Amino acid sequence: MSIAESVQKIQALLPDALRRPICGIVCGSGLSELADTLVDRIDLAYSDIGFAAATVHGHASSLAFGLLSDKRIPVVCQLGRFHAYEGYPLSTVTFPMRVMSKLGVQTVIITNAAGGVRPGLAVGSIVVLRDHISLPSLTAMNPLIGPNIANAGPRFPSMSDAYDFELRKRAFRAARKIGLPRDVLTEGTYAWVSGPTYETKAECRFLRAAQADVVGMSTVPEVIVARHEGLNVIVFSLVCNAVIDAPYRSAEEEEEAEYQGKELLIAEPIEAITTHQEVLDTSARRAGDIRALVTEIVYTF
């Protein structure tokens, strides 16, 4: 189904009050509760509107349309996103951004679960993105590769202002208003990697040297296309795990000690395995705070 056909299908399934949402919200892993406060909510299954299927646990497969509380601001929530590691081309990954734009969305609020790279960045922290490092785009994978969609944006869009400054200020005002502890919300840079493997220790050090604060397997393709469509963008990354950077054990030293018959004092290895369940558990603990932040920001529209 084309973008135009998907838009036409969606609008045919919605009442007048919901057909022109002004804000799109993308819900990351375990964050679908963001749609729970919508009034007059209508969910449209991806299979009915020409979208692919979200296959990752913690991601639904529907768009939720509704009005945000007493101000009755029309919004659409993407409950479940698509990832390159699922085997989808980036045109499919970013298809919802194109559709949202054509529906009338002006601002997108994107959430994701991420790994903490910056030393001292606590699990449970919420990072408002101010920049990104798109490692796949720097090599061979960018959602804008191919013929340019001229009625959407320019051939060579700038990404230096991808993350809206005024929206970031609103996020900190919102955090103050809802009483979020000052050390929970911070700004930072997101590194996009294709996944689905978590990072090696060497890759963690590489990302840290590149001044990334968080790392994840989504978001950046959507940001690029949203900006290509002329949308305003704000992104919240929830730190769900610390990227592993434990010391290496030396096979060389241990073998040498064994050969010489010496006793080598070996410290207990500091190893940890990152799991998707850890991501979902942290998302569940912080979902209310992110929902409150997003709601306060939308109220300012």
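Start by selecting Ser 218 and Thr 219: their side chains are joined by a polar contact of 3.1 Å. Keep in mind as you click around that this is a predicted model.

**Stop 1: Ser 218 and its surroundings**

Stay on Ser 218 and show the backbone. You're in the loop between strand E8 (214–216) and helix H7 (220–228). Is Ser 218 buried or exposed? Its relative accessible area is 9%, under the 20% cut-off, so Ser 218 counts as buried. Now bring up what Ser 218 touches: leaving aside residues up to four places away in sequence, you should get Arg 81, His 83, Asn 112, Tyr 190 and Trp 192.

Next, select Ser 29, His 59, Arg 81, Phe 82, His 83, Ala 113 and Ser 218 together. An unreviewed UniProt entry annotates these residues as "binding site". Of this group, Phe 82, His 83 and Ser 218 are also part of the lining of the second largest cavity.

**Stop 2: the second largest cavity**

Let's go to that cavity. Its volume is about 30 Å³. To see the whole lining, select Phe 82, His 83, Ala 84, Leu 90, Val 93, Trp 192, Met 217, Ser 218, Thr 219, Pro 221 and Glu 222. Helices H2 and H7 are the elements that each give two or more residues to this lining. Colour the lining by class and you'll find 7 nonpolar, 3 polar and 1 charged.

**Stop 3: Ser 134**

Trp 192 has turned up among the contacts of Ser 218, and it also leads us to Ser 134, which touches Trp 192 and Val 220, not counting residues up to four places away in sequence. Select Ser 134 and you'll land in strand E6 (residues 126–134). With 7% relative accessibility, Ser 134 counts as buried. Which side chain does the side chain of Ser 134 make a polar contact with? Show Ser 137: the two side chains meet at 2.6 Å.

**Stop 4: Glu 199 and Asn 241**

Now pick Glu 199 and Asn 241, a pair that the unreviewed UniProt entry also labels "binding site". They span 43 residues in sequence, but their C-alpha atoms are no more than 11.7 Å apart, so the pair gathers at one spot.

Zoom in on Glu 199 first. You'll find Glu 199 in the loop between strand E7 (185–192) and helix H6 (201–209). Its relative accessibility is 16%, so Glu 199 counts as buried. Apart from residues up to four places away in sequence, Glu 199 touches Val 193, Cys 204, Leu 207, Val 215 and Val 243.

Then hop over to Asn 241, in strand E9 (residues 232–242). Asn 241 counts as buried too, at 4% relative accessibility.

**Stop 5: the largest cavity**

For the largest cavity, select Ile 25, Leu 34, Thr 37, Leu 38, Leu 68, Val 75, Cys 77, Arg 291, Val 294 and Thr 295. The space they line has a volume of about 50 Å³. Which element gives the most to this lining? Highlight H9, which supplies 3 residues. By class, the lining has 7 nonpolar, 2 polar and 1 charged residues.

**Last stop: the second largest pocket**

Finish at the second largest pocket, where about 250 Å³ of space lies. It has 17 lining residues, and the ones nearest its centre are Ser 91, Arg 98, Pro 143, Ile 145 and Ile 149. Show helix H2 (90–93) and helix H3 (95–103): these are the elements that give two or more residues to the lining. Sorted by class, the lining has 9 nonpolar, 6 polar and 2 charged residues.

Key
Residues are numbered from 1 along each chain as its sequence is written. This is a predicted model: local features need pLDDT of at least 70, side-chain atom pairs count only at pLDDT 80 or more; totals for chains, interfaces and linings use all residues. Side-chain values use heavy atoms; hydrogens and water are left out. UniProt positions are given in the numbering used here, feature names are shortened, and annotations may be inferred rather than shown by experiment. Helices (H or I, at least four residues) and strands (E, at least two) are DSSP runs, numbered from the N terminus. Buried means under 20% relative accessible area, exposed over 50%, partly exposed in between (1.4 Å probe, protein chains only). Contact means heavy atoms within 4.5 Å. On a 1 Å grid over the protein atoms alone, a cavity is a set of points where a 1.4 Å probe fits but cannot get out, and a pocket is an open set with protein on both sides within 12 Å along at least five of seven lines; lining residues have an atom within 4 Å of a point. Grid points are joined across faces, edges and corners, and a volume is the space filled by probe spheres set on the points. Ala, Val, Leu, Ile, Met, Phe, Trp, Tyr, Cys and Pro count as nonpolar, Asp, Glu, Lys and Arg as charged, and the others, Gly among them, as polar. A polar contact is a pair of N or O atoms within 3.5 Å; within protein, one must be able to donate a hydrogen and the other to accept it, and residues adjacent in sequence count only if both atoms are side-chain atoms.
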